[in-house]
Amino acid sequence: MKRIASRGGRRPRPPHSLQTGVRLRTLVLLSWTALTLGAVGLAHAQSGGSGLKQAPAAAPACARAGAAIKRPGAVPAELLPRGTVLTSTRRSGRGTLVFGVVPREFRQAVTFFVTKLPVAGYRNLSGDAEMDEAEAFFAGDGVRGKWRVNGIPSCPRAVTLALYVVH
């Protein structure tokens, strides 16, 4: 290795290739740290942990959800994706019909009903799906009914929800 002589008591400057290597290692370390902290923060937020009470999710403005109402007791909470904003309800036949907005992309909303309902003890029965609409009958835990989600034109981050529940 080539020795660099010191000038006037100052520390010798490392060759250009060494400076570049140090900068690269520093950049890699900072990037890795940022990615790790971001992943940990995302996992923490998704697990619901923060110790702080989080505000309920709201539908994006483009969904024009209107005023929110409370979930009727006849509608089990596990049938609604997290953050759903219910906007109206009415009795229909022997059941309860609720309408609202789900702050999720169309595919994410459909995935909730297809995967989370069975985990909660419900079975999806016959159903249908198109480009911007999906629906299915369901049954379980003494409840039966039908869910339907529709995409909202010019609002890709939300869908409308119609949910009919009979006990």
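**Exercise 1.** Does Ser-154 count as buried or exposed, and at what relative accessibility?

*Solution.* The model is predicted, and the classification rests on computed accessibility.
Step 1. Place the residue: Ser-154 lies in the loop between β5 and β6.
Step 2. Apply the cut-off: a residue is exposed when its relative accessible area is over 50%.
Step 3. Because Ser-154 reaches 73% relative accessibility, Ser-154 counts as exposed.
Step 4. Add the backbone: the phi of Ser-154 is positive, about 60°, although Ser-154 is not a glycine.

**Exercise 2.** Determine where Asp-141 is placed, and state its phi and its exposure.

*Solution.*
Step 1. Asp-141 is found in the loop between β4 and β5.
Step 2. Its phi is near 55°, a positive value in a residue other than glycine.
Step 3. With a relative accessible area of 63%, Asp-141 is exposed.

**Exercise 3.** Describe the order of helices and strands along the sequence.

*Solution.*
Step 1. Count the elements: the protein has two helices and six strands.
Step 2. Read along the sequence, these elements give the pattern α-β-β-α-β-β-β-β.

**Exercise 4.** Identify the residues of the largest nonpolar core that touch the most other members, and the elements that each supply at least two residues of this core.

*Solution.*
Step 1. The largest nonpolar core holds 23 residues, of which Leu-117, Phe-138, Trp-147, Val-149 and Leu-163 touch the most other members.
Step 2. At least two residues of this core come from each of β2 (95–102), α2 (106–119), β4 (133–140), β5 (143–152) and β6 (155–166).
Step 3. The most is given by α2, with six residues.
Step 4. A second, separate core has eight residues, including Ala-59, Val-85, Ile-152 and Cys-155.
Step 5. As general background, nonpolar side chains in soluble globular proteins tend to be buried together.

**Exercise 5.** List the residues in contact with Val-149, leaving aside its neighbours within four places in sequence.

*Solution.*
Step 1. One set of partners comprises Phe-106, Ala-109, Val-110 and Phe-113, which are among the residues in contact with Val-149.
Step 2. The list also includes Asp-132, Glu-133 and Ala-134.
Step 3. Val-159, Thr-160 and Leu-161 complete the list of contacts of Val-149.

**Exercise 6.** Summarise burial, contact range and exposed surface for the protein.

*Solution.*
Step 1. Of the 167 residues in the protein, 30% are buried.
Step 2. Among contacts between residues at least 6 apart in sequence, 46% join residues at least 24 apart.
Step 3. The protein exposes about 11700 Å², and carbon and sulfur atoms supply 59% of this area.

Methods:
Residues numbered from 1 in each chain as written. Predicted model: local features only at pLDDT ≥ 70, side-chain atom pairs only at ≥ 80, totals over all residues. Heavy atoms only, no water. Core = buried A, V, L, I, M, F, W, Y, C linked by side-chain atoms within 4.5 Å. Buried < 20%, exposed > 50% of the residue type's maximum accessible area, 1.4 Å probe, protein only. Helix = DSSP H or I, 4+ residues; strand = E, 2+ residues; numbered from the N terminus. Contact = heavy atoms within 4.5 Å. Areas by Shrake-Rupley, 256 points an atom, 1.4 Å probe, with all protein chains shown as cover.
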